[in-house]
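Here are my notes on the model you sent round. Please read them with the coordinates open.

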Amino acid sequence: LDGGQAQITTAEKILASLNISIPIISVVKDHRHKPHDIIGDESIIKKAKKESILLANNEAHRFAITYHRHLRGRLR
């Protein structure tokens, strides 16, 4: 996830209501919207390298921004 404890809690509630049990982690950003911390399931955080998690988060942002620019006709 991209967010803090509130996003993790909400995602856990939604998954629980669907009887789905998967570990969740979240990238927390600072006031400049730069990655500050990774919170959530410690076993996942330990297994995955922090750099891998941050790279996946950055790629998701890049993809989303490119897609939205394309939708708005700003990308040619």
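The points below go through the model by element and residue.

1. Status. This is a predicted model. The values quoted here are computed from that model.

2. Helix H1 and Gln 7. H1 covers residues 5-17. Gln 7 sits in this helix. Its relative accessibility is 38%, so Gln 7 counts as partly exposed. Beyond its neighbours within four places in sequence, Gln 7 contacts Leu 1 and Asp 2. Its C-alpha lies 9.8 Å from that of Ile 25, with 18 residues of sequence separation.

3. The loop between H1 and S1. Leu 18 belongs to this loop, and so does Asn 19. Are these two residues buried or exposed? Leu 18 is exposed, because its relative accessible area of 54% is over the 50% cut-off. Asn 19 is exposed as well, at 74% relative accessibility.

4. Backbone at Asn 19. Its phi is positive, near 55°, and the residue is not glycine. Most residues other than glycine have a negative phi. Please look at this position in the loop between H1 and S1.

5. Nonpolar surface patch. Which residues make it? Ile 14, Leu 18, Ile 20 and Ile 22 do, over about 380 Å². The loop residue Leu 18 is thus one of its members.

6. Ile 25 in strand S1. S1 runs over residues 25-29, and Ile 25 is part of this strand. Ile 25 is buried, because its relative accessible area of 18% falls under the 20% cut-off. Which residues does Ile 25 touch, not counting those up to four places away in sequence? They are Leu 1, Ile 8, Ile 38, Ile 39, Gly 40, Asp 41, Ile 44, Ile 45 and Ile 53. The C-alpha atoms of Ile 25 and Glu 42 are 8.2 Å apart, at a sequence separation of 17 residues.

7. The S1-S2 hairpin. S2 spans residues 35-40. It runs antiparallel to S1, and five bridges join the two strands. One bridge pairs Ser 26 with Ile 39 of S2. Ile 39 is also among the residues that Ile 25 touches. Five residues lie between the strands of the hairpin. In the turn, His 33 has a positive phi of about 65°.

8. Helix H3. H3 takes in residues 50-71, 22 residues in total. Its first and last C-alpha atoms are 32 Å apart. That is close to the 32 Å expected at 1.5 Å a residue. Ile 53, a contact of Ile 25, falls within the H3 range of 50-71. After H3 comes Gly 73, with a positive phi near 75°.

How values were computed: Residues numbered from 1 in each chain as written. Predicted model: local features only at pLDDT ≥ 70, side-chain atom pairs only at ≥ 80, totals over all residues. Heavy atoms only, no water. Patch = residues over 30% accessible without salt bridge, like charges linked within 9 Å, V, L, I, M, F, W, Y side chains within 5 Å. Areas by Shrake-Rupley, 256 points an atom, 1.4 Å probe, with all protein chains shown as cover. Salt bridge = Lys/Arg side-chain N within 4 Å of Asp/Glu carboxyl O. Helix = DSSP H or I, 4+ residues; strand = E, 2+ residues; numbered from the N terminus. Buried < 20%, exposed > 50% of the residue type's maximum accessible area, 1.4 Å probe, protein only. Pairing = 2+ DSSP bridges. Expected span 1.5 Å × (residues − 1). Contact = heavy atoms within 4.5 Å.
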